[in-house]
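Subject: Structure for you to look at, with notes

Dear colleague,

I am handing over the structure we spoke about, and my notes on it follow below. Please keep it open beside the text as you read.

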Amino acid sequence: MNKKQIAITLGIMCILLTSGIIIQINTIKKNSISNNIRTSNNDLRDEVLKYKEKYEKTYTDLEEVENRLEKARQEASKNNNSFTEMEQELKSMNSLLGLTDLTGEGIIITVADNENASIKDEDLSNELVHNTDIIELVNELKNTGAEAISVNGQRVVSTTSINCVGAVITVNGEKVNSPFTILAIGNRERLNGITRPGSYIELMEESGIVIKVEKSEEVTIPKYNKVINAKYMSIKN
């Protein structure tokens with residue numbers, strides 16, 4: 001074999017060897033890429049599963065928080081209803097006790113001494129307004145359904161006293177003078193029944209006392225401005 005043939009043979013072998021090496025390298029690369037892809041897919045799958053678990057846990061926690069919030073809302077609503085009922089009951093009790101200002105329909109009674117009364121008159125006493133007259137009028141108003149009463153701005157409550165000290169009338173310990181303004185809240189038509197024939201008002205008018213009764217759509221009565229002291233009564237448990 002001459003040198004030319006040997007060179008050709010070596011060249012062919014080099015080409016074949018090079019081709020084999022290239023094929024081997026490509027195969028290794030493909031396997032490496034495939035393995036990398038597999039690894040990346042596995043890692044991605046693991047990440048997806050982790051986030052899914054986190055999402056499910058977060059969603060569960062959110063549901064629990066919403067349930068707790070709803071229970072809190074319901075409890076607050078119950079407490080609020082109870083508070084509202086108690087507040088209304090307290091207002092109602094204060095109204096009955098006279099501890100709050102009130103407004104409503106009713107009547108206004110103005111009572112005054114006889115302007116023409118004179119010391120020389122034998123029946124002078126009958127021509128002046130006495131505490132007993134005020135008491136009678138207040139009692140008649142109560143009997144005709146008055147829900148609240150005041151005399152010259154003094155609220156009439158369960159402990160109210162209407163007294164006569166010398167020539168001065170006191171209501172709740174406060175001096176009041178003629179003319180006397182008596183306010184009453186209630187059904188004005190029914191309250192106006194105190195002007196019926198034969199009533200105490202008619203008897204006072206016959207004595208010369210000046211009386212005026214007006215029905216009103218809106219009467220405002222002030223609250224009792226003193227302290228109600230209960231010395232002998234207590235709440236039974």
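Does T160 count as buried or exposed, and at what relative accessibility? Before the answer, please bear in mind that this is a predicted model. T160 counts as buried, because its relative accessibility is 18% and the cut-off for buried is under 20%. This residue sits in the loop between β3 (154-155) and β4 (162-165), and, leaving aside residues up to four places away in sequence, T160 touches R155, V171 and N172. Its side chain makes a polar contact with the side chain of N172 at 2.9 Å, while a polar atom of the T160 side chain also lies 2.7 Å from the backbone nitrogen of V157.

The partner in that side-chain contact, N172, belongs to the loop between β5 and β6 and is itself buried, with a relative accessible area of 9%. N172 has a positive phi of about 60°, although it is not a glycine. N152, in the loop between β2 and β3, likewise has a positive phi, of about 50°, without being a glycine, but N152 is partly exposed, at a relative accessible area of 29%. As background, most residues other than glycine have a negative phi, and most peptide bonds are trans. On that second point, please look at S178 and P179, which are joined by a cis peptide bond with omega at about 0°; P179 lies in the loop between β6 (174-176) and β7.

Turning to the interior, the largest nonpolar core has 25 residues, and those with the most contacts inside it are I109, V111, I134, L141, I149 and I182. Two or more residues of this core are given by each of β1 (102-112), α2 (131-143), β2 (148-151), β5 (168-171), β7 (180-185) and α4 (200-206), and the largest share, 4 residues, comes from α2. A second, separate core of 6 residues includes A148, I185, V219 and I221.

V111 shows how distant parts of the sequence are brought into contact: not counting residues up to four places away, V111 touches V129, L137, S178, P179, F180, I182, M204, I209, V210 and I211. Of these, I209 lies in the loop between α4 and β8 (210-221) and counts as buried, because its relative accessibility is 5%. The C-alpha atoms of I209 and V129 are separated by 7.1 Å, although the two residues are 80 apart along the chain.

Helix α2 has 13 residues and reaches 18 Å from its first C-alpha to its last, close to the 18 Å expected at 1.5 Å a residue. Its buried residues are N131, D133, I134, L137, V138, E140 and L141. In general, an α-helix has 3.6 residues a turn, so residues three or four places apart point the same way. After α2 comes G145, whose phi is positive, near 100°.

Finally, a word on confidence, which I would ask you to keep in view throughout. The mean pLDDT of the protein chain is 78, and 62% of its residues reach 70 or more. Within the chain, confidence is lowest in helix α1 (residues 3-97), where the mean is 64, and highest in β7, where the mean is 96.

With best wishes

Conventions. Residues numbered from 1 in each chain as written. Heavy atoms only, no water. Buried < 20%, exposed > 50% of the residue type's maximum accessible area, 1.4 Å probe, protein only. Polar contact = N/O pair within 3.5 Å; in protein donor to acceptor, adjacent residues only side chain to side chain. Contact = heavy atoms within 4.5 Å. Core = buried A, V, L, I, M, F, W, Y, C linked by side-chain atoms within 4.5 Å. Expected span 1.5 Å × (residues − 1). pLDDT = per-residue confidence, 0-100.
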